Amino acid sequence: MQRVREKMEREIMTQPNPYKRKVRVCVATCNRADYSKLAPIMFGIKSHPDDFELEVVVLGSHLIDDYGNTFRLIEQDDFDIGSKLHTIVRGEDEAAMVESVGLALVKLPDVLQRLRPDILVIHGDRFDALALATAAALMNIRILHVEGGEISGTIDDSIRHAISKLAHYHACCTPRAEQYLIAMCEDHSRILLAGCPSYDKLLSTHHKDNYMDIIKSWLGADVQDHDYIVALQHPVTTDIQHSIKIYGLMLDALVSFNKRTLILFPNIDAGSKEMVRVMRKKGIEQHPNFQAVKHIPFEQFIQLVCHAGCMIGNSSCGVREAGAFGTPVVNLGTRQTGRETGENVLHVRDADTHNKIYHALELQFGKRYPCCKIYGDGSAVPRILKFLRTIDLDEPLQKTFCFPPVKDSFSQDIDYILETQSALSIDLGGTNLRVAIVCMKGKIVKKYTQANPKTYEDRMQLILKMCFDALRDAVGLNCRVLGVGVSTGGRVNPQDGLVLHSTKLIQEWSSVDLRTPISDALHLPVWVDNDGNCAALAEKKFGHGKGVENFVTVITGTGIGGGIIHHNELVHGSTFCAAELGHIMVSLEGPECSCGSRGCIEAYASGMALQREAKRLHDEDLLKVEGMDMKLSEPITAAHLITAARLGNSKADAVLHKASTALGVGIINILHTVNPSLVILSGVLASYYQSSVQRIVSERALFSVQCVKVTTSDLEDPALLGAASMVLDYATRRTY
């Protein structure tokens, strides 16, 4: 009986709780633009039926034929629309906007009373959304506002901030927006730094094999990739006449520029009717270079923006989504003046002449820029769903404000969304290819290692695969990856992310652009530098060089390399050849070096040089001594030479003495040239050389530098940590 009772209790515990309360979430969408941001959230809510119950309300321009009847897209996405509210008063002027808000306020109470949602999700800065927020706040319905705290320009800012003051919770896109909300006295514990929900779909679907089919379906069979323009200009409601003038100048410039152009109709704001009249008066709809459309499905619009030669207008898409593709943008007028933008955006704020806009098109068309993810990293929806689950529906509804002083923090302290700022680090060695997730404190959270392929194609394919694996794991490890750092052998141009000349150990690795393919695939900023320079950067951020203004790092491994930090900055030189420390010549008649010269430090003191000498002694039967264990099949390495010397082999000891002396003399040359206050030896041979080099410096250097300390690195993976430090130092100076 006891066993039966225990079995029944276990079965009850494993069954779903029929009394668990689902969160009733109502998502209200007003137009094609806000649906592209809200749809990913709606899909996320719908995919968790045990936690949420979704209601959809459609209003605004979704239901107007002139704007494409875009509510059908929502139905095609298999969402049940609970209510359709015709709230737009036609007229497209200021009075019609006000009347539309009033009409929405008349119709919304019945709908909200019937649906009784726990939470209403609204987006952005449209006048329809203001009506939604006003009705919900007065009816004691909790509001989650998506994309609050941003600055763009025109009346949109006032509407957006008004909605933020009415909203109980906020899901914002950037750290700056979060800080603005905090400065507006919003409770930081109710603010989620999520990123833009549209990026979840955008970053995962914009690279499609059939993108040319989509482009040709909208622009014609003869159009080429990156050889067309996407134009989208909306009215500026605070200066309608000026925005209409800019629209006409833009159309004139596009006609003169003579490129195939996809132009979308403006939104329903006051002034849009006049803009359409201007377009028709200029014959744009009949012009052979133009294709004028009212609406494009978001998935197809992504492809069109991604592969455009340029985007022009004042749409938020140009300053937000286009940056993720590196698409060049010409932003006209003041509508997006306050937005955070990537380097792909060229502003023409005073677009007062046709020539000025035409010249901006000349400067931008056909360029490609690094991917910029200011507004999202593709994981916004999971964060928002997690945030929704944590909302306590029993807590007091009355909103409270946090008045100054503002909390001095860039992120809220909510443990369920607390993420570790991290870097994706890549180290390209002669033997292995390594990728690691490295957190801000220099801890390697997870590391991946594969044999380095012999060909360029296989190598790039493996790099991207390992990076995708790491990014996927980073979400589960609660790490937010800010960018990618790459450490590689050879001469590197870090400004352009190019490997100019490789070492002999890495084949097919010269004149290689690393930044572009990695950035395009991962949608992250990418930094690239030589492995010796990366070792110096690692010491500067995490090791003995922290806080030291001038120091040198010398890598003693298979080869000899290093990096120079002078006045807290890495020295690259005029042709990116600085700090080739292994090729400092210490003898005119020394052994031949891998660089083709003779007498370099590397020819004496590198692991390859010691291995060469060990093989020579072994071939002459002069290496093995009593007490030394060597298997016949074992390859001869530098380790055998060191072991033999420690066991009293005078020949081996003489080789190592010469190697130590060569390295010490080379470091003295460095001390006499750049006068650092510290020398850090890194690599597998560092601990062996340290005392000998310190002694040689104290005996042979000028008196003024004899006291310079020579120490060994404590860092486990300086190349990986140095690559990560480029990201962690520079990405945190950017926005998101």
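This note goes through one helix packing and several salt bridges in the predicted model.

1. The helix pair to look at is α10, residues 240-257, with α11, residues 272-281, whose axes lie 10 Å apart and form an angle of about 25°. Since angles under 35 degrees count as roughly parallel, α10 and α11 are therefore described as roughly parallel to each other, and their crossing is right-handed.

2. On the α10 side the contact is made by Ile244, Tyr247, Gly248 and Leu251, and on the α11 side by Glu274, Met275, Val278 and Met279. Sorted by character, the residues of this contact between α10 and α11 comprise six nonpolar, one polar and one charged.

3. Turning to charged pairs, the count for the model comes to 35 salt bridges. One of these joins glutamate 321 to lysine 37, with 3.7 Å between the closest N and O atoms, a value to be read against the criterion of within 4 Å. The pair links distant parts of the chain, 284 residues apart, with glutamate 321 in helix α14 (residues 321-325) and lysine 37 in helix α2 (residues 32-46). Both glutamate 321 and lysine 37 are buried.

4. A salt bridge within a single helix is formed by arginine 160 and aspartate 157, whose side chains meet at 2.7 Å, N to O. Because these two residues are three residues apart in helix α6 (residues 155-166), about one helical turn separates arginine 160 from aspartate 157. With buried meaning under 20% relative accessible area, arginine 160 counts as buried at 1% relative accessibility, and aspartate 157, with a relative accessible area of 14%, is buried as well.

5. Lysine 447 and aspartate 717 also form a salt bridge, in which the closest N and O atoms are 2.9 Å apart. Here too distant parts of the chain are linked, 270 residues apart: lysine 447 belongs to strand β16 (residues 444-451), whereas aspartate 717 sits in the loop between β26 (709-712) and α25 (718-730). The partners fall into separate accessibility classes, because lysine 447 has a relative accessible area of 36% and is partly exposed, while aspartate 717 counts as buried at 7% relative accessibility.

6. Finally, Lys37, Glu147, Glu150, Arg320 and Glu321 are joined into one network by salt bridges that share partners. The pair of glutamate 321 and lysine 37 discussed in point 3, itself a salt bridge, has both of its residues among the members of this network.

Definitions and conventions:
Residues numbered from 1 in each chain as written. Predicted model: local features only at pLDDT ≥ 70, side-chain atom pairs only at ≥ 80, totals over all residues. Heavy atoms only, no water. Axes fitted to C-alpha atoms, helices over the stretch in contact; angles between N-to-C directions. Helix = DSSP H or I, 4+ residues; strand = E, 2+ residues; numbered from the N terminus. Parallel < 35°, antiparallel > 145°, perpendicular 65-115°, else oblique. Left-handed = near helix turned anticlockwise from the far one by under 90°. Contact = heavy atoms within 4.5 Å. Nonpolar A, V, L, I, M, F, W, Y, C, P; charged D, E, K, R; others polar. Buried < 20%, exposed > 50% of the residue type's maximum accessible area, 1.4 Å probe, protein only.
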